[in-house]
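Here are my notes from going through this model, set out as numbered points. Have the structure open as you read.

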Amino acid sequence: MPRHVAVVMDGNGRWAARRGLARTAGHAAGEVALLDTTYGALAAGVGTLTVYAFSTENWRRPVDEVRYLMNFNKGLLERRQYELHDVGVRITFSGRRDWRVPKQVLRRMDDASALTRHNTAMTLNIAFNYGGRAEIVDAVARLVADGVSPRAVSERTIRSRLYHPEIPDPDVVIRTSGEFRTSNFLLWEMAYAELVFTDVLWPDFRREDLYAAIAEYQRRERRFGGVDE
Ligand code: IPE
Ligand code: IPE
Ligand code: MG
């Protein structure tokens, strides 16, 4: 079983367009997908599920859609944090807390983290205002602020300054909606992840699709640069 599964939840807009709905209806429909996938991961014994909810590039979208996504993610935490807490899920966040994220959204994020921080059944890590390059930039800035000398710069000293050094690297990264790119997700952490692509649009994604991706991962041969005996 992979210890850490990460998902680029993509295709909400196209899901909505196919139904003649506004793009935002696709985001709303993604909530069921997220919950079913989370419970599926929990049941399967996955240690951490990281989901890409909002990227540092998503600010380029129309202001109405950005505003919708901010409110949607805040509402999702308000609606779901207690049930996730009840089943032992620890909720964490990866991303930048910059001035663009509304205060009430940050407050909900802090509440959800605080409520669930001692839970151990699974970690649901929400990548929000997240960019892989931004994460590396932030880690380097901390390294410099900590006064680390050039000789002490290493993978270990950089890694320890990433957003969640305690979470193991993802074993498998899934991207939905038939796009074959990583879009600035977990750049450092996915160095040796197995990539699984599916045509399923995120609002249609369910635990069965997660299990199919895990089965695909289990058929892969991981070598980490070495050779097989
Ligand atoms: C993913 O769905 C959700 C976010 C990026 C927030 P999209 O909104 O990117 O949907 P498509 O790719 O336009 O279909
Ligand atoms: C990646 O999806 C970001 C999230 C799922 C939050 P995008 O839809 O933003 O990625 P691109 O623009 O197609 O690369
Ligand atoms: Mg997209």
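The points below go through the sheet, then the helices, then one loop residue.

1. First, a caution: what you are looking at is a predicted model, so please read each point below in that light.

2. Let's begin with the sheet. Six strands is the count here: the 6 strands form an open sheet, and its order is E3-E4-E2-E1-E5-E6, with parallel pairing. At the edges sit strand E3 (89-94) and strand E6 (194-197), each of which pairs on one side only. If you ignore direction, neighbouring strands of this sheet are turned by 20° against each other on average.

3. Next, the pairing of strand E1 (residues 4-8) with strand E2 (residues 48-55). These two run in the parallel sense and share 5 bridges. To find the register on screen, look for valine 7, which stands opposite valine 51 in E2. Another pair to look for is valine 8, with tyrosine 52 of E2 standing opposite.

4. Valine 51 is a handy landmark, since it also has a bridge partner in E4, namely isoleucine 126. E2 and E4 run parallel and are joined by 7 bridges. How much of E2 is covered? It is mostly covered, with 8 of its 8 residues buried.

5. On to E5. With E1 it pairs in the parallel sense over 4 bridges, and alanine 6 stands opposite valine 173 of E5. E5 and E6 likewise pair in the parallel sense, over 4 bridges; here valine 172 stands opposite glutamate 194 in E6.

6. Which residues of E5 are buried on its two faces? Val172 and Ile174 are buried on one side, and Val173 and Arg175 are buried on the other, leaving both faces covered. Do have a look at Arg175, a charged residue in that buried set.

7. Now the helix that lies against the sheet. Helix H4 (residues 103-116) packs on the sheet and touches both E3 and strand E4 (122-130). The direction of H4 makes about 140° with that of E3.

8. H4 also has a helix partner, H3. The axes of H3 and H4 come within 9 Å and cross at roughly 15°. Angles under 35 degrees count as roughly parallel, and H3 and H4 are therefore roughly parallel to each other. Their crossing is left-handed.

9. Who meets whom in that pair? From H3 come Met70, Lys74, Leu77, Glu78, Gln81, Tyr82 and His85, and from H4 come Gln104, Val105, Arg108, Met109, Asp111, Ala112, Leu115 and Thr116. Sorted by class, the contact of H3 with H4 has 7 nonpolar, 4 polar and 4 charged residues.

10. Turn to the other helix that H3 meets. The axes of helix H2 (residues 23-44) and helix H3 (residues 63-86) come within 11 Å, crossing at roughly 30°. That makes H2 roughly parallel to H3. H2 passes H3 in a right-handed crossing.

11. The H2 side of this contact includes Arg23, His27, Glu31, Leu34, Leu35 and Tyr39, and the H3 side includes Glu65, Tyr68, Leu69, Phe72, Leu76 and Arg79. The residues of the contact of H2 with H3 divide into 9 nonpolar, 3 polar and 6 charged.

12. H2 packs against helix H7 (residues 207-219) too. Their axes are 8 Å apart and the angle is about 50°. That makes H2 oblique to H7. The crossing of H2 and H7 is right-handed.

13. What does each helix bring to the contact of H2 with H7? H2 brings Asp36, Thr37, Tyr39, Gly40, Ala41, Ala43 and Ala44, which meet Arg207, Leu210 and Tyr211 in H7. By class, that comes to 6 nonpolar, 2 polar and 2 charged residues. Tyr39 is worth clicking on, as it is listed in the contact with H3 and in the one with H7.

14. Last, a loop residue. Where is histidine 164? It lies in the loop between helix H6 (155-159) and strand E5 (172-175). Leaving aside residues up to four places away in sequence, histidine 164 touches Thr92, Phe93, Ser94 and Asn125. Take phenylalanine 93: histidine 164 is 71 residues from it in sequence, but 8.5 Å away in space, C-alpha to C-alpha.

Conventions:
Residues numbered from 1 in each chain as written. Chains lettered and ligands numbered in written order. Predicted model: local features only at pLDDT ≥ 70, side-chain atom pairs only at ≥ 80, totals over all residues. Heavy atoms only, no water. Axes fitted to C-alpha atoms, helices over the stretch in contact; angles between N-to-C directions. Parallel < 35°, antiparallel > 145°, perpendicular 65-115°, else oblique. Left-handed = near helix turned anticlockwise from the far one by under 90°. Contact = heavy atoms within 4.5 Å. Pairing = 2+ DSSP bridges. Buried < 20%, exposed > 50% of the residue type's maximum accessible area, 1.4 Å probe, protein only.
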